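Visitor: I would like to learn how to read a structure feature by feature. Could you walk me through one?

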Amino acid sequence: MIVSNSKPLAVFMTPPVSMEERYGPLAATGNCTPCLASVILAAIARKAGYKAVVIDAAAENLTLNEVMGRLRETPPAFIGFTTTTLTTIPAERLARAVKACWPETVIAIGGPHATAIPEETLRRCPEFDLAAVHEGEETILEILEAVEEGSRNFTSIAGIVCRNGAGQLIKTPARRAFMDLDSLPYPAWDLLRDFPAKYTPGYFKVAQVPSVSFVSSRGCPFECSFCDTSVFGRKIRTHSAEYMVDLFDYLHKTFGIRDVTFEDDTFMVYRQNVERFCDLLLQRGLNMTWACNSRVNLAKPDLLKRMKEAGCWHISYGIESGSQEILDHEDKQLKLSQIHEGIENTRRAGIASKGFFIVGHPRETRETLAATYRFTQDVPFSDITVTCMTPFPGSPLSKYAHEYGTFDDDWTKMNLLTPVFVPHGLTADDLRYWQRKILRSF
């Protein structure tokens with residue numbers, strides 16, 4: 001851990017979570033990609049003159065003791081965790097060890113879980129000093145300024161939940177959505193150890209290596225009942241096409257990156273920007289491949305043709321179910337006929353398509369599961385993934401899951417592979433059976 005200037009040391013990290021904890025029996029096929037939030041916040045802190053370090057413990061498959069060994073090289077004044085629901089308790093274990101060694105270290109947690117239920121998270125995890133909610137680009141600088149000044153009072157900082165001097169939880173006013181994405185520095189991938197060689201992205205999203213992921217837009221205007229959009233909200237904001245193409249050029253020249261996966265919720269929703277991006281890529285002649293996620297009803301032949309020409313080789317679509325009844329109940333705003341058409345358009349454009357499916361929806365029955373199975377056989381997907389319905393904190397479903405079945409809300413089990421929610425009339429074994437049956441068809 002090498003640092004150089006006089007400002008406080010800030011460490012941005014993911015908690016140590018083993019491949020087995022994340023993927024269970026599929027651990028051998030799990031992937032490790034950099035935590036984008038950590039490298040973005042580190043880049044912002046570094047640009048402001050702070051010493052920044054990134055420890056991507058999850059991607060590196062580090063143990064708690066290995067992380068503590070790195071921290072002992074130069075004890076930090078601030079640690080910022082980015083966590084999901086699954087990784088919040090491992091973050092608490094590490095925070096407890098940090099506080100035992102360096103009680104004055106300020107520890108913050110951010111990400112989708114902390115944004116969804118910040119008060120409950122701080123109550124259950126007293127080692128966290130504060131939770132940053134929603135987007136943290138502006139919040140992090142104010143937190144670091146307070147740390148630099150030696151203050152333990154964060155109540156004047158917008159966009160957080162923290163404890164006051166009496167130990168009471170205080171939720172400060174919300175911070176506005178971050179609008180000017182192009183003003184952000186490039187993520188600090190250079191602070192990752194052995195990047196990109198030691199990182200193994202999911203095979204189904206990579207056309208060539210080295211590869212990296214990026215989020216080019218924020219916000220999702222759709223309202224699927226099982227999805228939590230609390231971090232970025234529903235207002236769409238996007239990097240300009242010029243920024244994205246310059247980023248491609250930087251990644252290629254600096255790290256030898258040849259492939260990029262856009263992890264936006266709905267990459268194709270801002271069509272004009274996508275078209276401009278494709279045109280600029282072709283003009284630059286970078287010869288890089290890329291993949292994205294999108295809504296299947298946005299898959300129009302002329303747009304897909306342009307994307308293919310510009311290097312797009314793969315699109316992942318959230319399908320969820322082959323039952324129209326299930327789609328309607330969950331406000332998916334999709335018809336099965338639209339899915340058929342979009343996947344066929346993608347195939348004709350020469351782009352691979354992946355369908356994301358979920359088993360165990362509210363109102364799920366053996367008949368709707370069988371309909372999903374038949375649907376995956378009838379539609380020309382290139383690949384599919386089948387996960388278990390997981391009512392994550394912050395999602396509408398989390399508030400009424402008990403009305404539709406049994407729900408084990410143990411955070412450490414929420415890995416999308418464990419059936420924590422079982423609809424009435426079905427069993428966990430039913431869900432595992434249909435998950436395997438649908439997957440094995442591919």
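Visitor: Let me begin with one residue: in which helix is the place of Thr85?

Guide: Keep in mind that this is a predicted model. Thr85 sits in helix α5.

Visitor: Is Thr85 buried or partly exposed?

Guide: To decide, compare the relative accessible area with the cut-off: under 20% means buried. Thr85 has 5%, so the residue is buried.

Visitor: Which residues does Thr85 touch, not counting those up to four places away in sequence?

Guide: With those sequence neighbours set aside, Thr85 touches His113, Phe392, Pro393, Trp411 and Met414.

Visitor: Now the whole chain. How many helices and strands does the protein have?

Guide: The secondary structure comes to 16 helices and 17 strands. As for overall form, the radius of gyration is 22 Å, close to the 22 Å that the globule rule gives for 442 residues, so the protein is as compact as a globular protein of that length. Along the principal axes, the C-alpha atoms fill a box of roughly 60 × 55 × 40 Å.

Visitor: What percentage of the 442 residues is buried?

Guide: Buried residues make up 56% of them. Contacts add another view: among those with a separation of 6 or more, 74% are between residues 24 or more positions apart. For the outside, the protein exposes about 18300 Å², and carbon and sulfur atoms supply 51% of that area.

Visitor: Let me turn to charge. How many positive and negative side chains are there?

Guide: The protein has 48 positive and 53 negative side chains, and the centres of the two sets lie 2 Å apart.

Visitor: Why can such side chains pair?

Guide: Side chains of opposite charge can pair when their charged atoms come close. In this structure there are 29 salt bridges.

Visitor: Which side chain meets Arg96 in a salt bridge?

Guide: That partner is Glu127, at 3.4 Å from N to O. Arg96 lies in helix α5 (residues 85-101) and Glu127 in the loop between α7 (118-124) and β5 (130-132), so the pair ties together parts 31 residues apart in sequence. Thr85, where we started, is in helix α5 too.

Visitor: Which partner of that pair is buried, and which is partly exposed?

Guide: Arg96 is partly exposed, at 42% relative accessibility, whereas Glu127 is buried, at 14%.

Visitor: What does Arg237 pair with?

Guide: Arg237 meets Glu135 in a salt bridge of 2.7 Å, N to O. This pair links distant parts of the chain, 102 residues apart: Arg237 belongs to strand β10 (residues 237-238), and Glu135 to the loop between β5 and α8 (137-148). Here Arg237 is buried, with a relative accessible area of 3%, and Glu135 is buried as well, with 8%.

Visitor: Where do Arg271 and Asp302 lie?

Guide: Their side chains meet in a salt bridge of 2.6 Å, N to O. Arg271 lies in helix α10 (residues 271-284) and Asp302 in helix α11 (residues 301-309), so the pair ties together parts that are 31 residues apart in sequence. As for accessibility, Arg271 is partly exposed at 29%, and Asp302 is partly exposed at 48%.

Visitor: Which residues do salt bridges with shared partners join into one network?

Guide: That network consists of Glu135, Glu137, Arg218 and Arg237. You have already met two of its members, since Arg237 and Glu135 form the 2.7 Å salt bridge.

Technical notes. Residues numbered from 1 in each chain as written. Predicted model: local features only at pLDDT ≥ 70, side-chain atom pairs only at ≥ 80, totals over all residues. Heavy atoms only, no water. Helix = DSSP H or I, 4+ residues; strand = E, 2+ residues; numbered from the N terminus. Rg over C-alpha atoms; globule rule 2.2 N^0.38 Å. Buried < 20%, exposed > 50% of the residue type's maximum accessible area, 1.4 Å probe, protein only. Contact = heavy atoms within 4.5 Å. Areas by Shrake-Rupley, 256 points an atom, 1.4 Å probe, with all protein chains shown as cover. Lys, Arg positive; Asp, Glu negative; His and termini not counted. Charge placed at Lys NZ, Arg CZ, Asp CG, Glu CD. Salt bridge = Lys/Arg side-chain N within 4 Å of Asp/Glu carboxyl O.
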